[in-house]
Amino acid sequence: MAEQPARKAPKAQEARVVRTERLTPHMVRIVLGGEGLADFAADEFTDHYIKLIFPAPGVTYPEPFDMTRIREEFPREQWPTTRTYTVRAWDSAQRELTVDFVVHGDEGLAGPWAARAEVGETVRFLGPGGGYAPDPAADWHLLVGDESALPAIAASLERLPEGAVGHAFIEVESPAEEQKIALPAGVELRWLHRSGRPVGDALLAAVQALDFPPGDVHAFVHGEAGFVKDLRRHLRLERQVPRERLSISGYWRLGKTDEAWRAIKRDWNEQVEREQETRPTAA
């Protein structure tokens, strides 16, 4: 068998911090700009995402920055770490990229960085990726998520046409975490307050209690993997929503680091899909 060529790492892009803003007690907005965004584009999907690159502590990489070279020349423990974040907005005219970060003190990697980020600071990232945008042909829309999905849900609501109909549920810890989001008059947005309860409990209850409008629904459900699994079962088996009309995935998993969750995410999602698509037969 012929030896397969080594897979090249995706090319990193570079930007700089041009503005920062504390949106709520636990949400920070970073606006990126600079000449490095000259070829960037994120106009197709409303869940576009980038992978921010964080150097390993104490490690300096050669310039120009090259992920392929780093992976070839540095031991694995010295490779940069990546964190995935949604593109909240992309202004092609101003060449500005907006990313919102959930911040819980010094917990995590990207959140603490965002809280301390300074104007002029250089940021490197991979992407964008993405795969969802509200279908204008749908009869109505359903958007559900916790804080991690808030940027994508907000971007999706702002993309909906004026006559769109739908329901959006966003779970946050308290009223202080709510944000102003532009949305069509026919779409109802409900903020659900966790108030110390398990993440996703309020979302599951709200969707289960919802009186579904008639017609074709296009749904976007993302956030902590546990409640996403429960909502997927409810939507597919009890509400009979076709799989192709669902954008649904766990952005994170309670009790797992980002690296640990990414390592098992694909297999976990496939197992969930197999379990929920295999319906019991009548006795």
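**Exercise 1. Determine whether arginine 95 is buried, partly exposed or exposed, and describe its setting.**

*Solution.* Step 1: arginine 95 has 25% relative accessibility, so it counts as partly exposed. The classes are set as follows: buried means under 20% relative accessible area, exposed means over 50%, and partly exposed lies in between (1.4 Å probe, protein chains only). Step 2: arginine 95 belongs to the loop between β4 and β5. Strands are DSSP runs of E with at least two residues, and helices are runs of H or I with at least four; both are numbered from the N terminus. Step 3: the phi angle of arginine 95 is positive, about 55°, although the residue is not a glycine.

The model is predicted: local features need pLDDT of at least 70, side-chain atom pairs count only at pLDDT 80 or more, and totals for chains, interfaces and linings use all residues. Residues are numbered from 1 along each chain as its sequence is written, and side-chain values use heavy atoms, with hydrogens and water left out.

**Exercise 2. Carry out the analysis of Exercise 1 for serine 195.**

*Solution.* Step 1: serine 195 has a relative accessible area of 55% and is therefore exposed. Step 2: the residue is placed in the loop between β9 and α4. Step 3: serine 195, which is not a glycine, has a positive phi near 50°.

**Exercise 3. State where valine 28 lies and which residues it touches.**

*Solution.* Step 1: valine 28 is part of strand β2. Step 2: its relative accessible area is 4%, so valine 28 is buried. Step 3: apart from residues up to four places away in sequence, valine 28 touches Glu21, Arg22, Val99, Asp100, Phe101, Val103 and Ala114; contact means heavy atoms within 4.5 Å. Step 4: valine 28 and valine 102 are 74 residues apart in sequence, yet their C-alpha atoms are 6.6 Å apart in space.

**Exercise 4. Describe the largest nonpolar core and the part played in it by phenylalanine 101.**

*Solution.* Step 1: a nonpolar core is a set of buried Ala, Val, Leu, Ile, Met, Phe, Trp, Tyr and Cys residues joined through side-chain atoms within 4.5 Å. Step 2: the largest one has 24 residues, and Ile30, Leu97, Phe101 and Trp113 touch the most other members. Step 3: among the elements that give two or more residues to this core are β1 (13-24), β2 (27-33), β5 (96-102) and α2 (110-116). Step 4: a second, separate core has 21 residues, including Phe169, Leu203, Val217 and Leu246. Step 5: setting aside residues up to four places away in sequence, phenylalanine 101 touches residues including Val28, Ile30, Leu52 and Trp113.

**Exercise 5. Identify the buried residues of helix α4 and what covers them.**

*Solution.* Step 1: in helix α4 (residues 201-209), Ala202, Leu203, Leu204, Ala206 and Val207 are buried. Step 2: their cover includes β7 (140-145), β8 (166-172), β9 (187-193) and α5 (225-238).

**Exercise 6. Locate two cis peptide bonds that precede prolines.**

*Solution.* Step 1: the bond from glutamate 63 to proline 64 is cis, with omega near -5°. Proline 64 sits in the loop between β3 and α1 (67-73). Step 2: the bond from glycine 127 to proline 128 is also cis, with omega near 15°. Proline 128 is in strand β6.
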